[in-house]
Amino acid sequence: MTDCSPEKAHHKKTFPKDAKNLSSILRWISEIAQKNAFQGKDLRDVELASEEAVSNIFFYSQSDLLEVNLTVFPEKIEIILIDKGMPFNPLDQKFRDEKL
């Protein structure tokens, strides 16, 4: 990333959790990253991480809405995704040792 202002910029948007909105959400995140001088590998990393996180929420969350909060700093972008679904922590789960 290059030439980003030293101040941080905040962006927030709420989307209905609908598969039709997946590409719109990812495009919105990518456009903000690009406008703040993310390019090349840095931009691809932001897009890939965003796609994985948003897809997981769409697949697993029981929430109807997804809130996306972006904070752009000079050398990084912070992406916070908030849903109102049931909490899930895989570290709290007891997994069975199943033989296939």
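# A guided tour, starting from Trp28

Begin by selecting Trp28 in this predicted model: leaving aside residues up to four places away in sequence, Trp28 touches His11, Lys12, Lys13, Phe15, Val68 and Leu70. Trp28 has a relative accessible area of 14% and is buried, since buried means under 20%.

Keep Trp28 on display and add Phe15, one of the residues that Trp28 touches. By the rule for pairing rings, there are 2 aromatic pairs to find. The rings of Phe15 and Trp28 have centres 6.0 Å apart and planes at 65°, so this pair is edge-to-face. Because Phe15 belongs to strand β1 (residues 9-16) and Trp28 to helix α1 (residues 22-35), the pair ties together parts that are 13 residues apart in sequence. Phe15, with a relative accessibility of 7%, counts as buried.

For another aromatic pair, move to Phe59 and Tyr60, which are edge-to-face with 4.6 Å from centre to centre and 90° between the planes. Are Phe59 and Tyr60 buried or exposed? Both Phe59 and Tyr60 are exposed.

Now zoom out to the whole chain and switch to a cartoon view. The protein has 2 helices and 3 strands, and reading along the sequence gives the pattern β-α-α-β-β. Of the 100 residues in the protein, 31% are buried. Among contacts in the protein with a separation of 6 or more, 68% are between residues 24 or more positions apart.

Select the strands next, and an open sheet of 3 strands appears, in the order β1-β2-β3 and with antiparallel pairing. Its edge strands are β1 and β3 (77-83), each of which pairs on one side only, and from one strand to the next the twist averages 15°. Between β1 and strand β2 (residues 65-72), the antiparallel pairing extends over 8 bridges. To look at one place along this pairing, select Lys13, which stands opposite Val68 in β2.

With the sheet still displayed, bring back the helices. Helix α1 lies across β1, β2 and β3, and runs at about 10° to β2. Helix α2 (residues 40-60) packs on the sheet as well, where α2 touches β1, β2 and β3 and has a direction that makes about 5° with that of β3.

Which residues have the most contacts inside the largest nonpolar core? That core has 18 residues, and the ones to select are Ile25, Trp28, Ile29, Phe38, Leu66 and Val68. At least two residues of this core come from each of α1, α2 and β2, and α1 gives the most, with 6 residues.

From the core, follow the chain to Ala37, which lies in the loop between α1 and α2. The backbone here deserves a careful look: most residues other than glycine have a negative phi. Phi of Ala37, however, is near 75°, a positive value in a residue other than glycine. With a relative accessible area of 18%, Ala37 is buried.

For a last stop, select Phe73 together with Lys76, and show their side chains. The charged end of Lys76 sits over the ring of Phe73, at 5.0 Å from the centre of that ring.

Key. Residues are numbered from 1 along each chain as its sequence is written. This is a predicted model: local features need pLDDT of at least 70, side-chain atom pairs count only at pLDDT 80 or more; totals for chains, interfaces and linings use all residues. Side-chain values use heavy atoms; hydrogens and water are left out. Rings of Phe, Tyr and Trp (its six-membered ring) pair if their centres lie within 6.5 Å; planes under 30 degrees apart count as stacked, over 60 as edge-to-face and the rest as tilted. Helices (H or I, at least four residues) and strands (E, at least two) are DSSP runs, numbered from the N terminus. Buried means under 20% relative accessible area, exposed over 50%, partly exposed in between (1.4 Å probe, protein chains only). A charge sits over a ring if NZ of Lys or CZ of Arg is within 6 Å of the ring centre and within 35 degrees of the ring normal. Two strands pair if DSSP finds at least two bridges between them. Axes are lines fitted to C-alpha atoms, for helices over the stretch in contact, and angles run from 0 to 180 degrees between N-to-C directions. Contact means heavy atoms within 4.5 Å. A nonpolar core is a set of buried Ala, Val, Leu, Ile, Met, Phe, Trp, Tyr and Cys residues joined through side-chain atoms within 4.5 Å.
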